[in-house]
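Trainee: I would like to learn how to read packing, burial and charge pairing in a model. Could we begin with the vocabulary and then turn to the case itself?

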Amino acid sequence: MHPHTLSAANRPAAAPARGHGGDAARAPRIAVLVPCYNEEVAIPRVVAAFRAALPEATVHVYDNNSRDRTREVAAAAGAVVRTEALQGKGHVVRRMFADIEADVYLLVDGDDTYDAAAAPELARLLLEQQLDMVTGVRVTDAAAAYRPGHRLGNALLTGMVRQVFGNRISDMLSGYRAFSRRFVKSFPALAEGFETETEFTVHALELRLPVGEVLTRYRERPQGSASKLNTWRDGFRILRTIVLLVQRERPLAFFATAGALLLLLGVGLSVPVVLEFLRTGLVPRLPTAVLSTGLVLLSFLAFACGLILDTVTRGRKESKRIAYLAIPAPAFDPAALEGDEGPPDDAAA
C-alpha cells in the first residue's frame, strides 16, 4: 500500500456531520497512549513533544514496573500516569484500551524515537478518510536508530504477513499508530509482549478494516536510554505469533498444508511395500506398511480438522465484525485539529 500524506492544499473540505445523538459534530477527544518501562531519560521529551504537537490531546503514560523515576518525571511533564503490573507491552496495551475513553487513540513508544510532529497528520488522515488504523512507517538514515538486523527481520516478518493476510501494509512492527474507537473497543488484545503490533495488523487485515500509512521520521534513542528489544528472542516470539495467527485465522490452509505433507510422506513410504506385494504377494516390511497407513489416516484427520475449524473461524470473524459494527461510526469536525476548537474534556475513563 502506498503511504498517504495530505497537505493543506489537497485536504478535502470537512462536510457537515451529525453526532450520534443528532447534535452537530464536535471536536474529537484524542488520547496519546505511551507504554513505558524504565524510560526516565526519554519520557519527559515524549510527553512534552506530544503536548506541543496535539495541545487538545491527553497524554497517558502507563508504567510497566519501572525501577527508575519514570512515573515521577512523566507526571511532572504533564502526563496522566497509571501503572500495569503484568510485565509486557501487550499487557499494557490491553489495559490502556480497556481504561481509556477517546475518539482517536495515538499509540507511541516511550523511547523518543518517533516524531511527534507527525501525530496531527496521523489523526487527520484517520478522521478525514474514516480509517480504523493509520501506521507511522519508519524512515531513517541513521543505522543506530534502525539496526540492519531489525530492518531485515521487519522486512521478512512483514513479507510473511503480506503473503498470508493481504498486501496492505509496509511496516508491520511500527510502534507508532493511530486507531479509531471502533478498532480499540473491538480489538481482542491477546498478546503479551512486543508481538502486539503483529496482532494489530492481522486484526485489521482479517476484518478488512480501512487502513492507511504515513511516512514518519525515526531517530536514535536519547543518550542514557537503553532498548528493551532483544532481536532474536523477540523476533522468534513474533514469528511464533504469526504461525499461531495463521493457524487460528487460516485453519483450512494451515491444516490442509500439514495434511498434504503427511499424505505425500505416507504414499512415498507405501510405494515399495505395494510394489513388493504386487510382485510376491507378501508384505515383508510390515512396520513400514503400518507407518504409511497411519500417516495417510493422519492426513485425512488434518483435512477434517481444517474444515471444522474453518467453520469455527468464520463464526468468530462474524462475531468480531458484529462487535466492531456495534460501536457507532464517528462524526467529528476535522477542522478542530487545526485548533479551531477548545480542548476537550479529559479523555480518561
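Mentor: Let us begin with accessibility, where a residue counts as buried under 20% relative accessible area, as exposed over 50%, and as partly exposed in between. Keep in mind throughout that this is a predicted model. With that scale, Arg217 has a relative accessibility of 55% and therefore counts as exposed.

Trainee: Which residue does the side chain of Arg217 meet in a salt bridge?

Mentor: The general idea is that side chains of opposite charge can pair when their charged atoms come close. Here the partner of Arg217 is Asp115, with an N to O distance of 3.2 Å. Because Arg217 belongs to strand S7 (residues 211-217) and Asp115 to the loop between S4 and helix H4 (119-128), this pair ties together parts that lie 102 residues apart in sequence. The aspartate end sits differently on the accessibility scale, since Asp115, at 11%, counts as buried.

Trainee: How many salt bridges does the count come to, and which residues are joined into one network by shared partners?

Mentor: The count comes to 23 salt bridges. Arg82, Glu84, Arg95 and Asp99 are joined into one network by salt bridges that share partners.

Trainee: Where in the chain do Glu101 and Lys185 lie?

Mentor: These two residues form a salt bridge in which the closest N and O atoms are 3.5 Å apart. Glu101 is in the loop between helix H3 (89-99) and strand S4 (104-107), whereas Lys185 is in helix H6 (residues 181-186), so that the pair links distant parts of the chain, 84 residues apart. Glu101 has a relative accessible area of 25% and is therefore partly exposed, and Lys185, with 29%, is likewise partly exposed.

Trainee: Is Asp63, which pairs with Arg71, buried or exposed?

Mentor: Asp63 has a relative accessible area of 1%, so it is buried, while Arg71, at 31%, counts as partly exposed. In their salt bridge the closest N and O atoms are 2.4 Å apart.

Trainee: How many residues of H3 are buried?

Mentor: Of the 11 residues of H3, 8 are buried, which makes the helix mostly covered. Among them are the charged residues Lys89 and Asp99, together with Val92, Val93, Met96 and Phe97. In helix H4 one can look at a single position, Ala123, which has 0% relative accessibility and therefore counts as buried. The C-alpha atoms of Ala123 and Met133 are 9.7 Å apart, with the two positions 10 residues apart in sequence numbering.

Trainee: How should I read a pair of packed helices, and at roughly what angle do the axes of H9 and H10 cross?

Mentor: Two packed helices are described by the angle between their axes and the distance between the axes. The axes of helix H9 (residues 251-280) and helix H10 (residues 286-325) cross at roughly 165 degrees and come within 8 Å. Since angles over 145 degrees count as roughly antiparallel, H9 and H10 are therefore roughly antiparallel to each other. Their crossing is left-handed, and the contact of H9 with H10 has 21 nonpolar, 8 polar and 1 charged residues.

Trainee: How many disulfides does a search of the whole structure find?

Mentor: The search finds 0 disulfides. As for individual cysteines, Cys36 has 3% relative accessibility and so counts as buried, whereas Cys305, at 30%, counts as partly exposed.

Terms used. Residues are numbered from 1 along each chain as its sequence is written. This is a predicted model: local features need pLDDT of at least 70, side-chain atom pairs count only at pLDDT 80 or more; totals for chains, interfaces and linings use all residues. Side-chain values use heavy atoms; hydrogens and water are left out. Axes are lines fitted to C-alpha atoms, for helices over the stretch in contact, and angles run from 0 to 180 degrees between N-to-C directions. Helices (H or I, at least four residues) and strands (E, at least two) are DSSP runs, numbered from the N terminus. Angles under 35 degrees count as roughly parallel, over 145 as roughly antiparallel, 65 to 115 as roughly perpendicular and the rest as oblique. A crossing is left-handed if the near helix is turned anticlockwise from the far one by less than a right angle, and right-handed if clockwise. A disulfide is a pair of cysteine sulfur atoms within 2.5 Å. Buried means under 20% relative accessible area, exposed over 50%, partly exposed in between (1.4 Å probe, protein chains only). A salt bridge is a side-chain nitrogen of Lys or Arg within 4 Å of a carboxyl oxygen of Asp or Glu.
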